[in-house]
Amino acid sequence: MKVRKAASAIDYRTLAKRRLPPFLFEYIDGGSYAEVTLRRNVADLEAIALRQRVLNDVSQIDLSTDLFGQTLALPVALAPIGLAGMNARRGEVQAARAAEAAGIPFTLSTVSACPLDEVAAGTRKPFWFQLYMIRDRGFMRDLLEKAKALGCSALVFTVDMPVPGSRYRDYHSGLAGAPGMMGAMRRVWQGAMHPRWAWDVGINGRPHQLGNVTPVLGKDSGLEDFFAWMRDNFDPRVTWRDLDFIRAIWDGPLIIKGILDPDDARAAVDVGADGLVVSNHGGRQLDGVPSTAHALPAIADAVDGRLTVLADGGVRSGLDVVRMLALGAKGVLLGRAWAYALAGGGQAGVAHMLRLVEAEMRVAMALTGCTRIAAIDRSILV
Ligand code: FNR
């Protein structure tokens with residue numbers, strides 16, 4: 001796919017809006033309820049002022065960092081995004097390749113379009129796998145064992161979705177809600193009005209399935225079956241004790257994603273997690289909770305280095321990455337930023353977006369007087 005290049009990482013949102021059928025664009029772009037938390041994530045991060053420092057030698061800036069035993073080119077990973085494979089032909093493989101080339105981890109969602117083995121076959125380096133708690137523990141066990149056998153280098157266990165948040169845009173756009181044929185016809189019509197997407201994904205990007213879930217959903221399942229499966233199978237009974245089940249199967253790095261409160265962060269330390277992600281699911285779950293930029297400093301203080309704190313939510317630039325690091329994160333997950341870039345330009349779009357993020361980080365570090373990632377801390381905040 002030829003890339004019409006975006007001038008900044010967030011410009012890919014505009015390209016994505018043009019290229020995707022609305023049911024897919026609104027799915028990425030939207031949050032839950034009135035989208036207050038979604039807006040807060042972006043606004044609170046943007047409002048963080050950095051201290052400009054001058055006349056330091058910033059000729060050598062090292063962006064590399066060690067996370068969970070891996071050396072990364074940037075303190076950044078691609079967050080798990082469900083259905084991302086529908087944004088470009090076999091989209092998760094394309095994004096994973098871009099992440100690999102940039103020297104950062106890609107996280108494959110449980111509910112990705114491409115299954116674990118397809119992404120493993122399309123890449124050379126290990127990627128991370130994200131898991132939800134699912135009622136059928138046998139299915140979970142199979143997925144964990146598969147991720148282990150394929151060499152996934154970390155497990156991201158998402159805990160902020162015992163029940164799905166209400167995302168009203170999905171009802172308006174035709175992704176969810178409209179029963180059976182009606183919904184399917186709306187989506188086909190939207191696809192037909194976006195011929196570039198229709199050719200790239202609609203026709204040449206098949207099969208349109210949730211690759212990891214196909215064994216239980218069946219090959220002929222549609223989107224309605226997927227949403228029904230999520231409603232019926234995400235396990236609302238999950239508690240901290242269920243971490244034992246995961247630990248018994250998964251002995252690699254375990255990262256708990258969806259922590260927003262210092263008490264939960266301390267509980268994550270107590271269960272022996274290696275890391276946590278300060279996250280409100282990009283404002284897609286409980287609307288009204290604080291932004292992650294707001295929640296992060298108290299959580300970093302609470303865990304006090306006993307596990308690795310990552311953060312996501314509203315990160316749209318390299319500057320935002322530096323802000324999250326200054327607030328106490330050791331690494332930052334990019335969510336919508338890569339989903340937009342994938343829709344806007346496929347693998348090349350994600351690679352370009354990551355180069356923009358890196359360039360922005362370099363400028364931010366140079367002008368705050370930081371030449372190493374470890375030097376970024378609260379002292380660079382006004
Ligand atoms: C997500 N997120 C998510 N998280 C997860 O653990 N598993 C998943 O399958 C998904 N799916 C998903 C789909 C879409 C379209 C979005 C936008 C988000 C949440 C994601 O990993 C991350 O926490 C947020 O995207 C971070 O916020 P920003 O960067 O998008 O603002």
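**A first look at the chain**

Okay, let's start with one residue: C370 is buried, with a relative accessible area of 3%. Keep in mind that what we have on screen is a predicted model.

C370 has company in that respect. C152 is buried too, at a relative accessible area of 8%. So what about disulfides, how many does the structure hold? The number is 0. Take C152 as an example: its closest cysteine sulfur belongs to C114 and sits 14 Å away, which is too far for a bond. To count as a disulfide, the two sulfurs would have to be within 2.5 Å.

Now let's zoom out. How many helices and strands does the chain have? We get 16 helices and 10 strands. Overall, the C-alpha trace spans about 65 × 50 × 40 Å along its principal axes.

Is that chain compact or spread out? A compact globule of 382 residues would have a radius of gyration near 21 Å, and this chain comes in at 20 Å, so the two agree.

Going inside, 59% of the 382 residues count as buried. And if you look at contacts between residues at least 6 apart in sequence, 72% of them join residues at least 24 apart.

Last stop, the outside. The chain exposes about 15800 Å², and carbon and sulfur atoms supply 54% of that. As for charges, there are 44 positive and 40 negative ones, and the mean positions of those two sets lie 6 Å apart.

That's the tour, thanks everyone.

How values were computed: Residues numbered from 1 in each chain as written. Predicted model: local features only at pLDDT ≥ 70, side-chain atom pairs only at ≥ 80, totals over all residues. Heavy atoms only, no water. Helix = DSSP H or I, 4+ residues; strand = E, 2+ residues; numbered from the N terminus. Rg over C-alpha atoms; globule rule 2.2 N^0.38 Å. Buried < 20%, exposed > 50% of the residue type's maximum accessible area, 1.4 Å probe, protein only. Contact = heavy atoms within 4.5 Å. Areas by Shrake-Rupley, 256 points an atom, 1.4 Å probe, with all protein chains shown as cover. Lys, Arg positive; Asp, Glu negative; His and termini not counted. Charge placed at Lys NZ, Arg CZ, Asp CG, Glu CD.
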